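Visitor: Please give me a close look at one part of this model. Then tie it to the rest of the chain.

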Amino acid sequence: MTIDMAFTPLRLGPLTLRNRFIKSGANEGMSRDGLPTRALVEHHRAIAAGGAALCTVAYGAISPAGRTFADQLCLHDEAVAPLRVLTDAVHREGAAASLQITHGGAFSFLRPADGRRPGSASGGFNPTGALHGTPFKRPLAEAELEALADGFAVAARLAGEAGFDAVEIHMGHGYLLSQFLSPGENRRRDRFGGDMAGRARFPRLVLQRVLDAVGGRMAVLCKIGVFEGYRGGNGIADVVALARLLEGDGAHLLVLSGGMNVQAPWWIFGSKMPVAEMKAAEPNRLARLALSALALMQPRRLDFRELYFREPSRAVRAATRLPLGYLGGVTSMAGVRTALADGFDAVVLGRALLHDPDLVRRFQAGLPSSGCTACNRCVATMHTPAGTHCVLHGTPDAAPNRIVAGRNG
């Protein structure tokens, strides 16, 4: 009998996964005061019970200043115990747990607490900051970069204390590390700018600090963009150069994604954003105006197709031996097998697992494809009381999303 490769183990540094399916890090909207809620625990427990090998908890800010919105998960000592509730729940279902660690840089909907302009690779106009009264950003000084790299290492150690088996350093989608990597964002003339070797210097410093802190005990993953989707963004030669640098630095797996939160958010999903629903869920008047502008910026035709990042991801696959996780519109077992036949080591799923947490087990039992329609209306639910959910199944009970994990309520 032929064994389907999708259901064979995968070794990532010190971690062995039970199969090749990874739940992607996608903002859940299930934290309160920076701490995980019961809803977040159940969200990932259900996906683990459904057969996924690695559940990625999205966007763990390395500091309060690294958050993009107020209730976002934030890494500090108080977060360890409730996060342990989550990792214990995932482990009881036989899966491993990963925590995405990151910093928003200039991409944040919060006014900086110190009153300064938000820090980024370069200065200039900051569209996101303009929504809350800080329309300009400033270039971070080298001493600040050193402190931020140490902050990523501290966050990784806290993740280990909370029981996580892996951390995923977010280097894509327009967050701080991506602001350094993308030539459209990074106009520095010091050693942290210029060609990809210079632009990658700070993200690589972060990776090295995290590997030094936890690399022998935890898998260390990096999420990068293979297609940024805007004029001035990285080309495939840049992405290949980055992948080779991260391979040389000792990353255990690259998760290949794409799109940018500000310049081209539709490419993150490979289809149009649900602007009307997002406006309805947005209380900020300026943000609603920005969403109206977003509707005009979107490509007129952008129809979802399975494996929409396949071509640039295959170029990365051809250039490195480093384990790679393919992310981008896998909705069927045929798509899973295509990605693995292309040489990718794992398949990373987001919306499909939000639609059906049991999808991996159903795939193994013979289900040919997911029922996810790629409508992207789940994106608009992120800031609703219940958190992110598939609208095709109705609105879940919001009560578990009001109680911090491990607390009585």
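Guide: Buried means under 20% relative accessible area, exposed over 50%, and partly exposed in between, with a 1.4 Å probe and protein chains only. The model is predicted: local features need pLDDT of at least 70, side-chain atom pairs count only at pLDDT 80 or more, and totals for chains, interfaces and linings use all residues. Residue numbers start from 1 along each chain as its sequence is written, and side-chain values use heavy atoms, without hydrogens or water.

The part to look at is strand E11, residues 166–170. Strands (E, at least two residues) and helices (H or I, at least four) are DSSP runs, numbered from the N terminus. E11 is mostly covered, with 5 of its 5 residues buried. Look at the two faces. Ala-166, Glu-168 and His-170 point one way. Val-167 and Ile-169 point the other way. Both sets are buried.

Now the partners. Two strands pair if DSSP finds at least two bridges between them. Strands of a sheet pair through backbone hydrogen bonds, either parallel or antiparallel. E11 is joined to strand E7 (residues 96–102) by 4 bridges, and the two run parallel. Ser-98 has Ala-166 of E11 as its bridge partner. E11 is also joined to strand E12 (residues 219–227), by 5 bridges. That pair runs parallel too. Here Val-167 has Val-220 in E12 as its bridge partner.

Follow E12 outward. Ala-219 falls within the range of E12. The C-alpha atoms of Ala-219 and Pro-14 are separated by 6.0 Å, yet the two residues are 205 apart along the chain. Pro-14 sits in the loop between strand E1 (10–12) and strand E2 (15–17). With 31% relative accessibility, Pro-14 is partly exposed. Contact means heavy atoms within 4.5 Å. Neighbours within four places in sequence aside, Pro-14 contacts Gly-215, Gly-216, Arg-217, Met-218, Ala-219 and His-252.

Gly-25 touches both partner strands of E11. Its contacts, again leaving aside neighbours within four places, are Thr-56, Ala-58, Gln-100 and Lys-223. Gln-100 falls in the range of E7. Lys-223 falls in the range of E12. Gly-25 itself lies in the loop between strand E3 (21–23) and E4. Its relative accessibility is 11%, so it counts as buried. Gly-60 is 35 residues away along the chain from Gly-25, and their C-alpha atoms are 9.9 Å apart.

Stay with E4 for a moment. Asp-33 is found in the loop between strand E4 (31–32) and strand E5 (35–36). Most residues other than glycine have a negative phi. Asp-33 is not a glycine, but its phi is positive, about 55°. Asp-33 is exposed, because its relative accessible area is 68%. Ala-374 also has a positive phi, near 55°. Its place is the loop between helix H14 (359–365) and helix H15 (377–380). Ala-374 is buried, because its relative accessible area is 11%.

One more loop toward the C-terminal part of the numbering. Thr-331 lies between strand E14 (324–327) and helix H12 (333–341). At 17% relative accessibility, Thr-331 is buried. Beyond its neighbours within four places, it contacts Phe-304, Glu-306, Phe-363, Ser-369 and Ser-370. Phe-363 falls in the range of H14.

Another sheet is worth setting beside E11. It is an open sheet of 3 strands, in the order E8-E10-E9, with mixed pairing. Strands E8 (119–120) and E9 (124–125) are its edge strands, each pairing on one side only. E9 pairs with strand E10 (residues 136–139) over 2 bridges, in the antiparallel sense. Phe-125 has Phe-136 in E10 as its bridge partner.

Finally, step back. The protein has 15 helices and 15 strands. Of its 409 residues, 58% count as buried. Its C-alpha atoms fill a box of roughly 60 × 45 × 45 Å along the principal axes. Among contacts with a separation of 6 or more, 70% come from residues 24 or more positions apart. Pro-14 with Ala-219 is one such contact, at 205 residues apart.
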